[in-house]
Amino acid sequence: MADQPVPIAGPLEVAYPTRGTFLEWLHSWVTTVDHKKIGIMYIVYSLFFMMVAGAEAMLIRIQLAIPNNHAISPEMYNELFTMHGTTMVFLVGMPILFGLANYIVPLQIGARDMAFPRLNAFSFWLTAFGGFLLYYSFIGGFGLYGMGNAPDAGWFAYAPLTLRSFSPGHSIDYWAAALILSGFGTLGTAINIIATTLSMRCRGMTLMRMPLFTWLLLVVSGLTLVTITPLTAAQVMLLLDRYAGAHFFDAQAGGSPLLWIHFFWVFGHPEVYVLVLPAFAVANEVIPVFSRKAIFGYPAMVAASVGIGFTSLAVWAHHMFTVGMSAAGNSFFVLSTMVVGIFTGIKMFNWLATMWGGSIRFATPMLFCIGFLFQFLIAGLTGIMLAAAPWDWQLHNSYFLIAHFHYVLVGAIVMCIFAAVYYWYPKAMGRRLSETLGKWHFWVFVIGFHMTFDTMHFVGFLGMPRSIYTYEADRGWNTLNMVISIGAFIQTIGVLIFAWNLVYSYFYGEEAGSDPWDAWTLEWATPSPPPVYNFATEPEVRSRRPLWDIKHPQDPDWKYEP
Amino acid sequence: MSEQIHLEPKGMVGQHIAMPEPTAWPIVLAFGCTMAVAGLLTSWGIGILGGVLIVAGCVGWFCDVLPHEKHEEVEILDQPIIITSHRALVERIQVHPRHRAHLPVETYPVVSGIKGGIAGGIAMIIPALIYGWIAHHSIWYPVNLLGGAGVIHWRNPSVADIAAFHWQGLLVALAIHVITCLLVGMLYGAMLPMVPRHPIVLGGILAPLLWTGILHSSMGIINPALDERIAWGWFVISQVTFGITAGIVVSRQERVPTGQSLPFAARLGIEAPGLMHSRPDVGPPRDGGKH
Amino acid sequence: MSTVPLFTDESWQMPSKGKVAMLSLIIGECGIFGIFLAAYIFYLGHNLSGPTPSILDVPVFNTVCLLSSSLTIWLAERAIERGEIRKFGALWGLTILLGLEFITGTALEWYALIYRDGLTISTNLFGTTFYSLVGLHATHVVVGLVGLTTIMIFTLLGKVRQEHAHRVQVFALYWHFVDAVWVVVFTVVYLVGR
């Protein structure tokens, strides 16, 4: 069969017939309720903050590259690691997953928009303004060190450091208030995604025929409902303590800082799964398409995702083995944490079984997903190590812990975000990202990643604790820290290549056509970029891979599916 | 081979679809909320501005959706989509019925292993007791060697001590012996089908010899006191007695199928188009006969 | 040649997006209430000084009013479903009155606690947790009352018709939630914790 060119008249021109003036263009974005435009705004917003938080990480690494360094002041250092963590979790991880969900979910389920388009716009702007308010504290926040005092109590903001007596001024208030705002934005989007996936599916799209990406985003949104709200509640308590003189976390009046730690991690641990499940979701789409095989064990994948969702609600205190819980409490949280390993193991084997015997194409999205599989395995193994309480007592809050969670957050989540951008950019922009630059990006980034985070495990073993400003030269950490910093620098180069690729390919990239990857889900049945209404006629599906059915009429999926 | 399918019917072009109208009120409301919260951090004026914006945003939004949601008509563009793949050839994984060697089609039930373990355990007592009688004129000697840990007050016991009767030693030895025999019996039951030829020779003689070798090299670390006193020749004899007895008992049991002969996907209960065969009897779910 | 949309099945029904969204919101709200309840229970008996929960009077009448408002709003839902707009308006108004009674009762209770017993949010842990938990619920009642009143105004203007039954029912879910949560708060604060 000949490879026929797909006749699509210049997609960019068709979708936006008149560009108009700059103001008109701006107005169209600011007032939009189109899920695709909102999705793109989410993603651009979070990629911007990814650069910002990455720059903060670079400053941290410059400070730690050599012993007894004073490249930045200790006060600045505290602000940097606090803002790096807060930004990466709340302004990068969450928005980008909601951006992807916004863009992809309605297309994948054959809908014309989200269930509540205006709520969608509201949620985005609330999240966005929350982020800007947080960063305004660098200019306008008054704190212990005078004006321009950004939050500096760590991204977990442990009490009693956050109370008025230890953090005067408003720096902590900026942290709490901005996150409450973006928290409500998150809640709105999560509700929207749930309503969309449950109520807007096209004909024939039963729950067990939904693409796994959509399934996982449904699980993530459900998890978000019960994850972000405890944080909002705890932050309201913190503000009550600071403004109204309440005593929730005030030990001098009988309050308990320990309660904050519990509340924070009741949010904080499921949050990790809120971030990592979308990464799994991307892998679920990319790996089958580039292996030319249907996903292996679809029901097992769904069950494992739902299982992770529920289990993650009962593991929070594994962040707290060192606070001195009872033996029964420790044992419970050790065991419940290890149960998570079973579900992720199921997923791991399903991805491997999908690739097994497949005809794999090593395009850039697939490269990132393979990197993800490899790095997530290691991250999971160090996770199992830290889940054992005695091991955790030894290494808690050391660089080993930092290395472990960065392996998850960078090695798994960021890698999958890159994969997702390379995979869906042609759909959103009508042009492919450059494969050459993409491969450079992948290899440079992976090399930098392993230099940085593999080495971090070893400084952790050697006893280097997290969040320290500097260290003495005789600790034996010098060379390793230098290697870590060089790795961070190499990663930065990788990310810059990526940023350049995004801009360059927008103007000069290869025309994508509607279905550049020969994929199977409904979003590839629309023009690139899709028109406002997505589908002129409502599609109907009969199997999990509707486009496969059309492409292979002699051998459609519904012959085999239950 | 692939059939080309046009997603956009020509007749739709030029018609209109109602989509939600763009509106500025969500951003106004969001900005109002932000200002209201920022008022807490900065000054009351900003808080009041936030409050005003919130009220304006709520009212504006309300007018957008009530009594009817505002829509704009979007014209359907002529963007034909051809869904086709140049990879039209579907390759199915071919599995020859005999292309399988590693997993047994039939196996022994777990119960047979337990039976073998019981029989072997009883059989191996005999050479052990004979050894005790011949070497130290006491049948309790080997019992205490095995269960000596149960006799709490022992500090460097003499041979006479070991040869005497101790009820704690007997109990501990019994417990160790019973558990070990059952476990090893189950292991034999599971492994015998994997050694296809001369099962009794391999499972009954070679395996006990290997096992003894491992113990011989490691016993000095695990239990030095036992290591000093053990008579390895007799040890091998009782192990082999166990192995042969258990092997004979297990191999005389009925075999049961493992389910290996079923298709892989069927055993997992999952959908795997490449591995399962098409069901020509089942038609498409809602085939309007339009093909 | 075949086209993708094959509209042969007219029975393709999806759950109502409004109800799904409201139920999701309610699940999220449960998270917020759960944390405040956890704090209340955690700090029971941890007071270093000042008043303790034994000073509370059990607000039986308030509770009866709020819970019966769930019944009236349910009757109102049924009325609008059948198109009996006048009956709907009357029952809806009754619901608002019951809600107002509840919030007034809470205000009076707080007034007495502040000026008679000297209990404020900064007095001790009991004040902190009590005012935040009951205040959180009262905030939800106020939000609910604003919504109820808005719908009431439109009813009086004659803009509410039978076809709005679904939207009214979605909103009523929220009010049912506010009532249900009061059962939990009431049990914890006034029955178990006292």
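## Chain B

In chain B, take the contacts between residues at least 6 apart in sequence: 72% of them join residues at least 24 apart. This is a predicted model. Chain B contains ten helices and six strands. It has 291 residues, and 24% of them count as buried.

## Confidence

The predictor assigns the complex an ipTM of 0.91 and a pTM of 0.80. Chain C has an average pLDDT of 90, with 95% of the residues at 70 or above. One stretch of chain C falls lower: residues 1–9 have a pLDDT below 50. That stretch still makes 20 contacts in the model beyond near neighbours in sequence. Where pLDDT is low, predicted coordinates should not be read in detail.

## Helix H15 of chain A

H15(A) runs over residues 478–508 and has 31 residues. From first C-alpha to last, H15(A) reaches 45 Å. That is close to the 45 Å expected at 1.5 Å a residue.

Which residues of H15(A) are buried? They are A:Leu480, A:Asn481, A:Ile484, A:Ser485, A:Gly487, A:Ala488, A:Gln491, A:Gly494, A:Ile497, A:Phe498, A:Asn501 and A:Ser505. An α-helix has 3.6 residues a turn, so residues three or four places apart point the same way. The cover over the buried residues of H15(A) includes three helices of chain A: H3 (35–64), H13 (399–429) and H14 (435–461).

## Nonpolar cores

The largest nonpolar core holds 244 residues. Within it, A:Cys416 and A:Ala419 have the most contacts. H13(A) supplies the largest share of this core, 23 residues. Apart from this core lies another, of ten residues, including B:Cys181, B:Val184, B:Tyr188 and B:Ala246.

What does A:Cys416 touch, leaving out residues up to four places away in sequence? Its partners are A:Ala279, A:Val282, A:Ala283, A:Phe368, A:Cys369 and A:Phe372.

## Contact between chains A and C

This contact draws 34 residues from chain A and 30 residues from chain C. On the side of chain A that touches chain C, helices H6 (171–199), H7 (212–244) and H8 (257–291) of chain A each supply at least two residues. H7(A) gives the largest share of that side, ten residues.

How do the residues on the side of chain A that touches chain C divide into nonpolar, polar and charged? The split is 22 nonpolar, eight polar and four charged.

Definitions and conventions: Residues are numbered from 1 along each chain as its sequence is written. Chains are lettered from A and ligands numbered from 1 in the order in which they are written. This is a predicted model: local features need pLDDT of at least 70, side-chain atom pairs count only at pLDDT 80 or more; totals for chains, interfaces and linings use all residues. Helices (H or I, at least four residues) and strands (E, at least two) are DSSP runs, numbered from the N terminus. A residue is buried if 20 or more other C-beta atoms lie within 10 Å of its own, exposed if 12 or fewer, and partly exposed in between; C-beta atoms are placed from the backbone. Two residues are in contact if their C-beta atoms, placed from the backbone, lie within 7 Å. The expected span of a helix is 1.5 Å times one less than its number of residues. A nonpolar core is a set of buried Ala, Val, Leu, Ile, Met, Phe, Trp, Tyr and Cys residues joined through C-beta atoms within 7 Å. Ala, Val, Leu, Ile, Met, Phe, Trp, Tyr, Cys and Pro count as nonpolar, Asp, Glu, Lys and Arg as charged, and the others, Gly among them, as polar. pLDDT is the predictor's confidence in each residue, from 0 to 100.
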